[in-house]
Amino acid sequence: MKKTLIIANWKMNPKTTKEANNLFNSVKAGSHRIKKTEVVICPPFIYLPFLKEKGRLKLGGQNGFWEESGAYTGEVSLLMLKKIGAEYVIIGHSERRKYFKETNSEVLKKTKSALSVGLKPIICVDKVSQIPDFSNFRKEEIKNIIIAYEPLFAIGTGKACSPKKAKEKRLLIKHDFVLYGGSVNFKNARDYLLEAGFQGLLVGGASLKAKEFIKIIDSAEKN
Ligand code: PGA
């Protein structure tokens, strides 16, 4: 049985290492009984080395560059992410596409690089057409790819997509492991897993409130 995947996308939060540690430790304490769920915390890069005592929580990056090292000022490579202890990486989040003009071909390069260094890519899409062409990928590689369906109107707006509509989209995505993201909270989390049949959730705002995030993890455990 594959575990339900609950991903916390902290985005550019919180403001200090101390707050990041507190949030991380609260989530860790509140999720000590998890069995059926894999919880992944994706903090800003700078906090990753401080969150090493990860125990049952896994770590992920929110982005990464495809070259392993070199003259790319301001970038962090996917290899570096792996070396610091991350197991997952979010790729092509809508905020990266919007503010940093990330393109589908860059998403593909990042996906390939992530797989080659042993990271599991979580590719965010708002449309089915944004899913990279996996026809040249090996079966074992495809198994490690996660797609997150995140409708633009639902991201950070509090206007979650109805589970019925989300399910319609999920059925169009021909991939084994698909997450839902966009205004997930503890009240609607279960609907996306149970009613809409997603294999997990990508949680932004609600992942910054430890109590709420733990409730989301609990709903996945009871799924
Ligand atoms: P949200 O963000 O849960 O705050 O809508 C989700 C995301 O951007 O991944």
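Begin by selecting K209 and E212, which are joined by a salt bridge whose closest N and O atoms lie 3.9 Å apart. The model on display is a predicted one. Colouring by accessibility separates the two partners: K209 counts as partly exposed, because its relative accessibility is 48%, whereas E212 is buried, with a relative accessible area of 14%. The cut-off for buried is under 20%. Next, select R96, E102 and K110, which salt bridges with shared partners join into one network.

**Further salt bridges**

Move now to R138, whose side chain meets that of E140 in a salt bridge, with 3.0 Å from N to O. R138 also forms a salt bridge with E141, here at 3.4 Å from N to O. R138 is partly exposed, its relative accessible area being 49%. E140 is likewise partly exposed, with a value of 42%. In general, side chains of opposite charge can pair when their charged atoms come close. Across the whole structure, a search finds eight salt bridges.

**The barrel**

Switch to a cartoon view and select the strands. Eight of them form a closed barrel with parallel pairing, in the order β1-β2-β3-β4-β5-β6-β7-β8. On average, neighbouring strands of this sheet are turned by 25° against each other, direction ignored.

To examine one pair in detail, select residues 4-9, which make up β1, and residues 37-42, which make up β2; these strands run parallel and are joined by six bridges. Within this pair, select A8 and find I41 of β2 standing opposite.

Then add residues 210-221, which form helix α8. This helix lies across β1, β2 and β8, the last of these being residues 200-203. Relative to β1, helix α8 runs at about 165°. E212, the buried partner from the opening stop, can be selected again here.

**The ligand**

Finally, select the ligand and the residues around it. Which residues come nearest to the ligand? Of the 13 residues around the ligand, these are K11, H93, E150, G156 and S183.

Show the backbone atoms at this site as well. At G156, a backbone N or O atom lies 2.6 Å from an oxygen atom of the ligand. For G204, the distance from a backbone N or O atom to a ligand oxygen atom is 2.9 Å. At G205, a polar backbone atom is 2.8 Å from an oxygen atom of the ligand. Displaying G156, G204 and G205 together with the ligand completes the tour.

Note on methods. Residues are numbered from 1 along each chain as its sequence is written. This is a predicted model: local features need pLDDT of at least 70, side-chain atom pairs count only at pLDDT 80 or more; totals for chains, interfaces and linings use all residues. Side-chain values use heavy atoms; hydrogens and water are left out. A salt bridge is a side-chain nitrogen of Lys or Arg within 4 Å of a carboxyl oxygen of Asp or Glu. Buried means under 20% relative accessible area, exposed over 50%, partly exposed in between (1.4 Å probe, protein chains only). Two strands pair if DSSP finds at least two bridges between them. Helices (H or I, at least four residues) and strands (E, at least two) are DSSP runs, numbered from the N terminus. Axes are lines fitted to C-alpha atoms, for helices over the stretch in contact, and angles run from 0 to 180 degrees between N-to-C directions. Contact means heavy atoms within 4.5 Å. A residue is near a molecule or strand if one of its heavy atoms lies within 4 Å of it. A polar contact is a pair of N or O atoms within 3.5 Å; within protein, one must be able to donate a hydrogen and the other to accept it, and residues adjacent in sequence count only if both atoms are side-chain atoms.
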